[in-house]
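Biologist: Got a minute to walk me through this one? I'd like the pockets, the strands and any odd backbone spots.

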Amino acid sequence: MQDITEKNDSVFQYVFSTGPFIDSLTVSGKVTDAFTNRPEEGFLVGLYSTETESEYDSVPSKDRPIYIAQTNQSGSFKMNYLKEGSYYVFALQDQNKNLKLDPSEKRS
């Protein structure tokens, strides 16, 4: 990985804590098209609270994710420094960058 401006080989990552310790859980995976089995590049992968009032299948269109990542060329993603808990996971093609699934956007 390289930073955009200086082309340094390492990219710094700043992590903040709102409590007495830094959350340390990680989730990673790969998003593929269910019909073609091809990787989905540029998809938003979101972790959503399970304590929502929305119905499960409406969560990505009504709620905003707590944590987000974007898939790379191979469809892979990784989220670090997560708080312990239960989450719903959805991957969507967030074309308008509003962090929600719209009717014209693809969900994987």
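Modeller: What follows goes through pockets, strands and a few loop residues, and the model is a predicted one.

Biologist: Pockets, then. What volume does the largest pocket have?

Modeller: About 240 Å³.

Biologist: Which residues lie nearest its centre?

Modeller: Phe-16, Ser-17, Thr-18, Asp-23 and Tyr-81. The full lining of the largest pocket has 13 residues.

Biologist: How does that lining split by class?

Modeller: The largest pocket has 7 nonpolar, 5 polar and 1 charged residues in its lining.

Biologist: And the second largest pocket, what is its volume?

Modeller: That pocket comes out at about 160 Å³. Its lining is Ile-68, Ala-69, Gln-70, Asn-72, Ser-76 and Lys-78.

Biologist: Which elements give two or more residues to that lining?

Modeller: Strand E3 (67-70) and strand E4 (76-82). E3 gives the most, with 3 residues.

Biologist: What about classes there?

Modeller: In the second largest pocket, the lining counts 2 nonpolar, 3 polar and 1 charged residues.

Biologist: Stay on E3. Which of its side chains are buried?

Modeller: Tyr-67 and Ala-69. They point to one face of E3. Ile-68 and Gln-70 point to the other face and are not buried.

Biologist: What stands opposite Ala-69?

Modeller: Val-45 does. Strand E2 (residues 44-49) pairs with E3 over 4 bridges, in the antiparallel sense.

Biologist: Which sense does the pairing of E2 and E5 take, and over how many bridges?

Modeller: Antiparallel, over 6 bridges. On that side, Leu-47 stands opposite Val-89 in E5.

Biologist: Why call E2 largely enclosed?

Modeller: Because 5 of the 6 residues of E2 are buried, the rest of the structure largely encloses this strand. Buried here means under 20% relative accessible area.

Biologist: Change of topic. Where does Lys-100 sit?

Modeller: In the segment after strand E5 (87-92).

Biologist: Why is Lys-100 classed as partly exposed?

Modeller: Because its relative accessible area is 23%. The partly exposed class runs between the buried limit of 20% and the exposed limit of 50%.

Biologist: What is Lys-100 in contact with, leaving aside neighbours within four places in sequence?

Modeller: Pro-60, Ser-61, Lys-62, Asp-63, Arg-64, Leu-92, Asp-94 and Glu-105.

Biologist: How far is the backbone oxygen of Lys-62 from a polar atom of the Lys-100 side chain?

Modeller: That distance is 3.4 Å.

Biologist: And how far apart are Lys-100 and Gly-46?

Modeller: They are 54 residues apart in sequence. C-alpha to C-alpha, Lys-100 and Gly-46 are 9.6 Å apart in space.

Biologist: Now the odd backbone spots. What is phi of Lys-97?

Modeller: Near 60°, so a positive value. Most residues other than glycine have a negative phi. Lys-97 is in the segment after E5.

Biologist: Is Lys-97 buried or exposed?

Modeller: Exposed, because its relative accessible area is 61%.

Biologist: What about phi of Leu-99?

Modeller: Leu-99 has a positive phi of about 65°, although it is not a glycine. Leu-99 is also found in the segment after E5.

Biologist: What is the relative accessible area of Leu-99?

Modeller: It is 23%, so Leu-99 counts as partly exposed.

Technical notes. Residues are numbered from 1 along each chain as its sequence is written. This is a predicted model: local features need pLDDT of at least 70, side-chain atom pairs count only at pLDDT 80 or more; totals for chains, interfaces and linings use all residues. Side-chain values use heavy atoms; hydrogens and water are left out. On a 1 Å grid over the protein atoms alone, a cavity is a set of points where a 1.4 Å probe fits but cannot get out, and a pocket is an open set with protein on both sides within 12 Å along at least five of seven lines; lining residues have an atom within 4 Å of a point. Grid points are joined across faces, edges and corners, and a volume is the space filled by probe spheres set on the points. Ala, Val, Leu, Ile, Met, Phe, Trp, Tyr, Cys and Pro count as nonpolar, Asp, Glu, Lys and Arg as charged, and the others, Gly among them, as polar. Buried means under 20% relative accessible area, exposed over 50%, partly exposed in between (1.4 Å probe, protein chains only). Contact means heavy atoms within 4.5 Å. A polar contact is a pair of N or O atoms within 3.5 Å; within protein, one must be able to donate a hydrogen and the other to accept it, and residues adjacent in sequence count only if both atoms are side-chain atoms. Two strands pair if DSSP finds at least two bridges between them.
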